[in-house]
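The following exercises are intended for a reader who meets this structure for the first time. Please attempt each task with the model in view before reading the solution.

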2 protein chains.
Amino acid sequence: MNKKKDKGYDIAKVQKGQERVRMNIRFYNARILTMKDAQILEGELWVQGKKILYVGDGSDVDTVYQELALESIVWDREIDCEGNLLMPGFKNAHTHSGMTLLRSYADDLPLADWLNQQVFPVEARMDGEMIYHLTKLAILEYLTSGITAIFDMYLTPETIAQACVDMGMRCVQVSGISGQNNFSQALELTERMYQKLNHEDPLLSYFIGFHAEYTCSRELLEEVAALAHKYQAPVFTHLAETQAEVEGCKERYGMSPVKLLDSLGMFDFGGGGYHCVYLDEEDMEIFQKRNLSVVTNPGSNTKLASGIAPISEYLRRGINVAIGTDGPASNNCLDMFREMFLVTGLAKLRENDAAAVDAFEVLKMATVNGSRAMNLPDTDILDKGKIADIIMIDLHQPNMQPINNIPKNIVYSGSKQNVKMTMIQGKILYENGQFTKAYDVEEIYRKANEIINGLR
Amino acid sequence: MNKKKDKGYDIAKVQKGQERVRMNIRFYNARILTMKDAQILEGELWVQGKKILYVGDGSDVDTVYQELALESIVWDREIDCEGNLLMPGFKNAHTHSGMTLLRSYADDLPLADWLNQQVFPVEARMDGEMIYHLTKLAILEYLTSGITAIFDMYLTPETIAQACVDMGMRCVQVSGISGQNNFSQALELTERMYQKLNHEDPLLSYFIGFHAEYTCSRELLEEVAALAHKYQAPVFTHLAETQAEVEGCKERYGMSPVKLLDSLGMFDFGGGGYHCVYLDEEDMEIFQKRNLSVVTNPGSNTKLASGIAPISEYLRRGINVAIGTDGPASNNCLDMFREMFLVTGLAKLRENDAAAVDAFEVLKMATVNGSRAMNLPDTDILDKGKIADIIMIDLHQPNMQPINNIPKNIVYSGSKQNVKMTMIQGKILYENGQFTKAYDVEEIYRKANEIINGLR
């Protein structure tokens, strides 16, 4: 076996080699948290093209050679992990990437003033090209936070998809059908995108969704449910985010948003809700019965003073809980480390119990549970045959030392500064604080500033 | 004026130069948040030795030359800030540095089990040399978070002081007098350290303090108060951290901890409390009357499920509020960005008001108010004659773009990843993700792991 370290791509050997398989990257000297369980493995991880070829302690690599009928392997790159940790990338299960535009544009205002006077007037003048550039800015930030897949609801699906393909980001889009905003995704557009974006690129997929009960008429909600039935598709929406939303729905329909939507057949093929701060007993039973996912957004719920979701109760009931950042106008950042600390920290405050929501449970939410909510089953754990959406956590940083318990270190002490590498589909897009040279990072920043200055 | 960029130290010119003043560093192309007000200045900042010689837009540098009777200046180093932000370093106004040992050692446990079964048995076996090494580990982490001064209460003041001097960290120590733990700082040691560490090194100072009302007898508290009177010194302590602590004090003495301590004359020369989650109306009036500082620790209060402090009310009353991380066994990190988001985020949740505690107010707590609590008046703002405790915030990161509002970006979106440089007393100790070469970082990590493995 070739043991040379970190050499460049060897063109000569590729051309000559009869037995060579196109191996991209061998990680060695790694700690590995596969997320199959809480064990930390010490060993190697091999990436071939878009997929993981081997994960293990290195004692059984002969079986890989035998399976492939190889005697030796020539690597494009061998990376000495120096004991740092490989784990599945984080799944950001709720965001509005294009809202990077409005980061810190107008905070510290009451919610209604912020939305009506500041956000909506600017948003109404955004077009698809602007959203293309603003999504690229968000993708840079996702990569710095180890996020390898996003569940994105925003205005112009085709330019969002283009930005993700151009940058190499995995993106599950969800339509934001709304009766209040002509600019938003109408039913016809949703159906067209559903057909198109689920088959265009392996990085892309598309879900049926709508903005929220309170921005849709009953007729529109029924049409969305009919579309879900037509495709036997799950549906996602903003759900029970604020007390006012739940009360308003009860006034309008005599029942909670969850019960209303379920009564319309909205969740007959699964799906779930973003936020879910205020679910009552019956709502939770519907979530259990329909196998729905809760996507919790603690940063946004905190900053907008919406409340604290009952995460411990969801877990007790076996409800799938994933984590999202929400959009950068309400958070204001796209940082999974902040969200992970808040998920458990706020649960501890809410339950008055320092033992509430264990750290490893939080890591599962940020990886495995996100993959489940977003229907990305090949990205959930590190295993042979899974897609290579992988991050490396830098343990050679003071906040990770001493190494008493790595999952707890990540959740309680981790920060973006610990993200040493972000790989999506076998491609390293961020490493040692630098983005791939394929990006023109300063141009993305320049564009974002130009757009907001033009819309002020 | 010499305009050459980033050259090395020019020995020849130093030896020849009749008119040269020993200038260390010229920062140019900088955005500067002096913290005198919320304005962002564009210009230059000059550091000479330990102090700031000039801050301004560059139009008035002639006056500096005239004052110094100079025609030109030769710089040790000129740093092109590329539009990044200079601001005063963060003051971590409550910590227990040596507890890095127990980071992630035993979390997700009820508080009593965690303390009695996990923390205390290990802590009882720690000695001064161990704490020296563990404090060095904490200092590395402070630097990555832009923290330039700490208010540290831990067990062995002389080895803590040595670690800080060896690393170049500014450290205000406070004695943790306690009746429950012989290992802790007794009255005699406190007085000896008070005399010694307030005069040993400009990086060091020392306050009188005690662990908490509930770990001291009334006699011991009276002795502490007498010591404070002898030196006309302020006193700090853990105060009203939990509801149980306040209730216990009321049972023992018929009054709240704040009222009890004030009745003993403890605060006749000022001081304040760490945590202060549960102050009642009369307690707050005592804080106002005695000019006491609240040091809030939202990360620790969240993780240990202690509660949310009424920060908005403290601000409304004009009480000085500073921010601390608390120790890394209860937080588990020493990250001022996490604390800053939590200060305002938790206030918003508590008050049910998204407008509660403005971002700039939070930055003041992390800088100016910390300096006031810690009696470090020369480190509060960036101005001519102030000590050069300065950080550079990297705005060329996606989470800081677009540049709509820099203070809001820092508080709501910032992370350790944005700390591009940390300077204490004119020395750059951390820059572009690297520590000064004077440190043996891997040896510090190795030591920390060796110590915990030896104590398990």
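## Exercise 1: The open sheet of chain A

In chain A of this predicted model, 8 strands form an open sheet in the order β6-β7-β8-β9-β10-β11-β12-β13, with parallel pairing.

Task: Identify the edge strands of this sheet, then describe what packs on it.

Solution.
1. An edge strand pairs on one side only, and β6 (90-95) and β13 (320-323) of chain A meet this condition.
2. Neighbouring strands of the sheet are turned by 25° against each other on average, direction ignored.
3. At the β13(A) edge, 4 bridges join strand β12 (residues 293-296) of chain A to β13(A), and the two run parallel. Within this pair, A:V294 stands opposite A:V321.
4. Helix α5 (residues 157-167) of chain A lies across β7 (147-152), β8 (170-174) and β9 (204-212) of chain A, and runs at about 170° to β8(A).
5. Helix α6 (residues 187-197) of chain A also packs on the sheet, where it touches β8 and β9 of chain A; its direction makes about 160° with that of β9(A).

## Exercise 2: Antiparallel strands of chain B

Task: Trace the pairing that starts at strand β5 (residues 85-88) of chain B and state how β5(B) and β14(B) run.

Solution.
1. Strand β5(B) is joined to β14(B) by 4 bridges, and the two run antiparallel. B:L85 stands opposite B:I393 in β14(B).
2. From β14(B), 4 bridges lead to strand β15 (residues 419-424) of chain B, again in an antiparallel arrangement. Here B:I390 has B:M423 as its bridge partner.
3. From β15(B), 4 bridges lead to strand β16 (residues 427-431) of chain B, which runs antiparallel to β15(B). B:M423 has B:I428 as its bridge partner in β16(B).
4. These two strands form a hairpin with 2 residues between them, and B:Q425 in the turn has a positive phi of about 50°.
5. Finally, 2 bridges join β16(B) to strand β17 (residues 434-435) of chain B, and this pair is antiparallel. B:Y430 stands opposite B:F435 in β17(B).
6. Strands β16(B) and β17(B) also form a hairpin with 2 residues between them, with B:N432 in the turn at a positive phi of about 50°.

## Exercise 3: Burial in chain B

Task: Determine which residues of strand β14 (residues 390-393) of chain B are buried, and explain why helix α15 (residues 406-413) of chain B is described as largely enclosed.

Solution.
1. On one side of β14(B), B:I390 and B:M392 are buried; on the other side, B:I391 and B:I393 are buried, and both faces of the strand are thus covered.
2. In α15(B), the buried residues are B:I406, B:P407, B:K408, B:N409, B:I410, B:V411, B:Y412 and B:S413.
3. Since 8 of the 8 residues of α15(B) are buried, the helix is largely enclosed by the rest of the structure.
4. The cover includes α11 (298-303) of chain A, together with β5, α13 (336-351), α14 (359-373) and β14 of chain B.

## Exercise 4: Two helices of chain A

Task: Classify the packing of helix α4 (residues 128-144) of chain A against helix α16 (residues 441-455) of chain A.

Solution.
1. The helices pack at an angle of about 130°, with their axes 9 Å apart.
2. This angle makes α4(A) oblique to α16(A).
3. The crossing of the two helices is left-handed.
4. From α4(A), A:M130, A:H133, A:L134, A:K136, A:L137 and A:L140 meet A:V441, A:I444, A:K447, A:A448 and A:I451 of α16(A).
5. By class, this contact has 8 nonpolar, 1 polar and 2 charged residues.

## Exercise 5: Positive phi and burial

Task: For A:S104 and B:Q232, decide from the C-beta neighbours inside 10 Å whether each counts as buried or exposed.

Solution.
1. A:S104 lies in the loop between β6 and α3 (111-123) of chain A, and its phi is near 55°, a positive value in a residue other than glycine.
2. A residue is buried if 20 or more neighbours are found; A:S104 has 25 and therefore counts as buried.
3. B:Q232 is found in the loop between α7 (218-231) and β10 (235-239) of chain B, and its phi is near 50°.
4. A residue is exposed if 12 or fewer neighbours are found; B:Q232 has 9 and therefore counts as exposed.

Note on methods:
Residues are numbered from 1 along each chain as its sequence is written. Chains are lettered from A and ligands numbered from 1 in the order in which they are written. This is a predicted model: local features need pLDDT of at least 70, side-chain atom pairs count only at pLDDT 80 or more; totals for chains, interfaces and linings use all residues. Axes are lines fitted to C-alpha atoms, for helices over the stretch in contact, and angles run from 0 to 180 degrees between N-to-C directions. Angles under 35 degrees count as roughly parallel, over 145 as roughly antiparallel, 65 to 115 as roughly perpendicular and the rest as oblique. A crossing is left-handed if the near helix is turned anticlockwise from the far one by less than a right angle, and right-handed if clockwise. Two residues are in contact if their C-beta atoms, placed from the backbone, lie within 7 Å. Ala, Val, Leu, Ile, Met, Phe, Trp, Tyr, Cys and Pro count as nonpolar, Asp, Glu, Lys and Arg as charged, and the others, Gly among them, as polar. Two strands pair if DSSP finds at least two bridges between them.
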